[in-house]
Amino acid sequence: MIIWVDCDEVLCSTLVELVKLPEFCWVDWKSFYSYSPPKAPGFSMSDDDQFLMYKKLLTSDNFWNIKPVKWAFEMIKKIKEAWHELVVVTWRASFVAERTKKWIEKYYPNLFSDFLFAETHTDNQKTKAELCEEKGIEFFIEDDPYFASNLSEKGIPCALLAYPWNDSFDLKKHSNVHRIKSWDEFDMSLLS
Ligand SMILES: [Mg+2]
C-alpha cells in the first residue's frame with residue numbers, strides 16, 4: 001500500500017516552534033481551535049500572514065529546533081517493516097525542500113521513498129488531492145480536518161491524528177476516517 005504521511009504536526013511538531021515567534025506572542029499551541037488559518041481564543045491570523053510566519057521559521061536556524069512528533073518514528077518504522085511504501089506529502093514549497101528532506105532523514109532515516117511538495121502560495125501550487133491522485137495514494141495520515149474530509153470523500157481511508165483543531169471532526173459522516181489520540185494508537189489492521 002502507498003501511504004501518504006503529512007509533514008507538519010504529523011511528523012514534525014512545527015507549531016510548538018512557530019508560536020515562539022514574537023508575532024504569536026507565545027499563544028499556547030494546545031489552544032488552537034483552527035490550524036489554518038491559525039485561531040486560538042483572543043488570537044487570529046490570516047492565511048497569508050501564516051504563510052509568511054512559516055516561511056520565517058522554516059528558513060531560520062530555529063528550523064533545526066523542531067522536534068519529531070511523539071511515537072511517530074516507532075510507528076512509521078513498523079509500517080515500513082510491514083512492506084508498505086511511505087511518502088511525505090507537504091504544503092511546503094521548494095525553497096525549504098532541501099532542509100525538509102534533511103530534517104526528515106535525520107529523524108526518520110531511510111523510511112520514506114518520496115517527498116511531494118504542494119508548493120502552496122507559489123506559482124507551482126498543487127492541491128494535496130492532485131498529488132494524491134498522481135502518486136496513487138491508498139491511505140493517508142493527516143491532522144488537517146479539511147484534507148481528511150476532502151480525501152476520504154474520494155474513498156481514500158485516513159488516520160487523523162487528534163489535535164484541538166480536528167476535535168469537532170464529523171467521524172459519523174466520514175466512516176473511513178479513524179481519529180487516533182497519538183501515533184502509538186495507530187492500528188496496523190487499518191492497512192490490511
Ligand atoms: Mg499537518
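This presentation goes through a predicted model, from its metal site to its cores, cysteines and salt bridges.

Good morning, colleagues. I shall begin at the magnesium ion. Three residues coordinate the ion, at 2.0 to 2.3 Å: Asp6 and Asp143 through OD, and Asp8 through O. Along the chain, these donors follow the spacing D-x1-D-x134-D. Aspartate 6 belongs to strand S1, residues 2–6, while aspartate 143 sits in the loop between strand S6 (139–142) and helix H6 (145–152). The pair thus links distant parts of the chain, 137 residues apart. Aspartate 6 and aspartate 143 are both buried.

Asp8 leads us to another residue. Among the residues that threonine 90 touches, beyond four places in sequence, are Asp8 and Cys7. The others on that list are Leu116, Phe117, Ala118 and Lys128. Threonine 90 itself is part of strand S4, which covers residues 85–90. Is threonine 90 buried or exposed? Its relative accessible area is 0%, so threonine 90 is buried. Its side chain also has a polar atom 3.0 Å from the backbone nitrogen of arginine 92.

I turn now to the nonpolar interior. In soluble globular proteins, nonpolar side chains tend to be buried together. In this model, the largest nonpolar core has 52 residues. Which residues have the most contacts inside this core? They are Val5, Phe112, Ile141, Trp183 and Phe186. Helix H2, residues 47–58, gives the most to the core, with five residues. A second core, separate from this one, has 19 residues, including Leu131, Cys132, Phe147 and Ile156.

Isoleucine 141 merits a closer look. Setting aside neighbours within four places in sequence, isoleucine 141 is in contact with Val5, Trp183 and Phe186, among others. Its contacts also include Ile3, Trp4, Asp6 and Val10, as well as Ile79 and Ala159. Asp6, one of these contacts, is also a ligand of the magnesium ion.

Next, the cysteines. A disulfide is a covalent bond between the sulfur atoms of two cysteines. How many disulfides does the model contain? The count is zero. Cysteine 7 and cysteine 12 illustrate the point. For cysteine 7, the closest cysteine sulfur is that of cysteine 12, at 3.5 Å, which is too far for a bond because the cut-off is 2.5 Å. Cysteine 12, in turn, takes part in no disulfide, and its nearest cysteine sulfur is that of cysteine 7. Both residues lie below the 20% limit for burial: cysteine 7 is buried at 0% relative accessibility, and cysteine 12 is buried at 1%.

I come now to charged pairs. Side chains of opposite charge can pair when their charged atoms come close. Over the whole structure, seven salt bridges are found, and I shall describe three of them.

One of the bridges joins the side chains of glutamate 17 and lysine 20, with 2.8 Å from N to O. Glutamate 17 is buried, at 8% relative accessibility, whereas lysine 20 is partly exposed, at 35%.

Another bridge pairs lysine 135 with aspartate 114, and their closest N and O atoms are 3.0 Å apart. What does this pair tie together? Lysine 135 is in helix H5 (residues 128–135) and aspartate 114 is in strand S5 (residues 114–117), so the bridge ties together parts that are 21 residues apart in sequence. Lysine 135 is partly exposed, with a relative accessible area of 26%, and aspartate 114 is likewise partly exposed, at 26%.

The last bridge I shall describe pairs arginine 179 with aspartate 167, where the closest N and O atoms are 3.2 Å apart. Arginine 179 lies in strand S8 (residues 177–180), and aspartate 167 lies in the loop between strand S7 (158–161) and S8, so parts twelve residues apart in sequence are tied together. Arginine 179 is partly exposed, at 28% relative accessibility, whereas aspartate 167 counts as exposed, at 54%.

I close with a residue of helix H4, which spans residues 97–107: lysine 102. At 59% relative accessibility, lysine 102 counts as exposed. The C-alpha atoms of lysine 102 and tryptophan 64 are separated by 10.0 Å, although 38 residues separate the two along the chain.

Thank you for your attention.

How values were computed:
Residues are numbered from 1 along each chain as its sequence is written. This is a predicted model: local features need pLDDT of at least 70, side-chain atom pairs count only at pLDDT 80 or more; totals for chains, interfaces and linings use all residues. Side-chain values use heavy atoms; hydrogens and water are left out. Helices (H or I, at least four residues) and strands (E, at least two) are DSSP runs, numbered from the N terminus. Buried means under 20% relative accessible area, exposed over 50%, partly exposed in between (1.4 Å probe, protein chains only). A polar contact is a pair of N or O atoms within 3.5 Å; within protein, one must be able to donate a hydrogen and the other to accept it, and residues adjacent in sequence count only if both atoms are side-chain atoms. Contact means heavy atoms within 4.5 Å. A nonpolar core is a set of buried Ala, Val, Leu, Ile, Met, Phe, Trp, Tyr and Cys residues joined through side-chain atoms within 4.5 Å. A salt bridge is a side-chain nitrogen of Lys or Arg within 4 Å of a carboxyl oxygen of Asp or Glu. Donors are N, O and S atoms within 2.8 Å of the metal (3.2 Å for Na, K and Ca); water is not among the atoms, so sites may look incomplete.
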